[in-house]
Amino acid sequence: INLTGATLTARVRLDADADGGATTFTGGVARIYALSTPTTPGFYLAEGGTVSLSDNNWHTMTFHLTAPEFIDPNFDPTNVVQIGVHIATPPPITGDAAVPPYGAPQTVSVHIDTLTTN
């Protein structure tokens, strides 16, 4: 679909331990993304609307495709084939091979609601 100039919106919430997940997601974030595919093979990413998953409240993410936080130079907003919400771990905390690069594993449960475009 053509999403030139569009704004994507979604709501996300870290579960409050009802599903056995952590009540916090240390350093974790959620962000909206869009993938496009041009005439050449491949998928190209643009993403934005990042929110921290540091509490158990609903957070509204807004991603203006004209102002992405990250965009592949080949991303084509006129040919979007997928939109979604990406749950991300924090960046690596250490270069020490004896320590897991992203910290200790965390079990989380996240709710996503109302992913829309204007």
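Let us start with two residues that sit out of reach of the surroundings: Asp15 and Arg13 are both buried, a label given to residues with under 20% relative accessible area. Their side chains meet in a salt bridge, with 3.9 Å from N to O. Keep in mind as you look around that this is a predicted model.

Side chains of opposite charge can pair when their charged atoms come close. How many salt bridges does a search of the whole structure find? The search finds three, and the pair of Asp15 and Arg13 is one of them.

Another of these pairs brings Glu47 together with Arg31, where the closest N and O atoms are 4.0 Å apart. Look for Glu47 in strand S3, residues 44-52, and for Arg31 in strand S2, residues 29-36; the salt bridge therefore ties together parts that are 16 residues apart in sequence. Are these two residues buried or exposed? Glu47 has a relative accessibility of 10%, so it counts as buried. Arg31, at 18%, counts as buried too, because the cut-off is under 20%.

Now follow the chain to Arg11, which forms a salt bridge with Asp113; here the closest N and O atoms are 4.0 Å apart. This pair links distant parts of the chain: Arg11 belongs to strand S1 (residues 7-14) and Asp113 to strand S7 (residues 110-117), 102 residues apart. Arg11 has 31% relative accessibility and so counts as partly exposed. Asp113 also counts as partly exposed, because its relative accessibility is 32%, and partly exposed is the class between under 20% and over 50%.

Methods
Residues numbered from 1 in each chain as written. Predicted model: local features only at pLDDT ≥ 70, side-chain atom pairs only at ≥ 80, totals over all residues. Heavy atoms only, no water. Helix = DSSP H or I, 4+ residues; strand = E, 2+ residues; numbered from the N terminus. Buried < 20%, exposed > 50% of the residue type's maximum accessible area, 1.4 Å probe, protein only.
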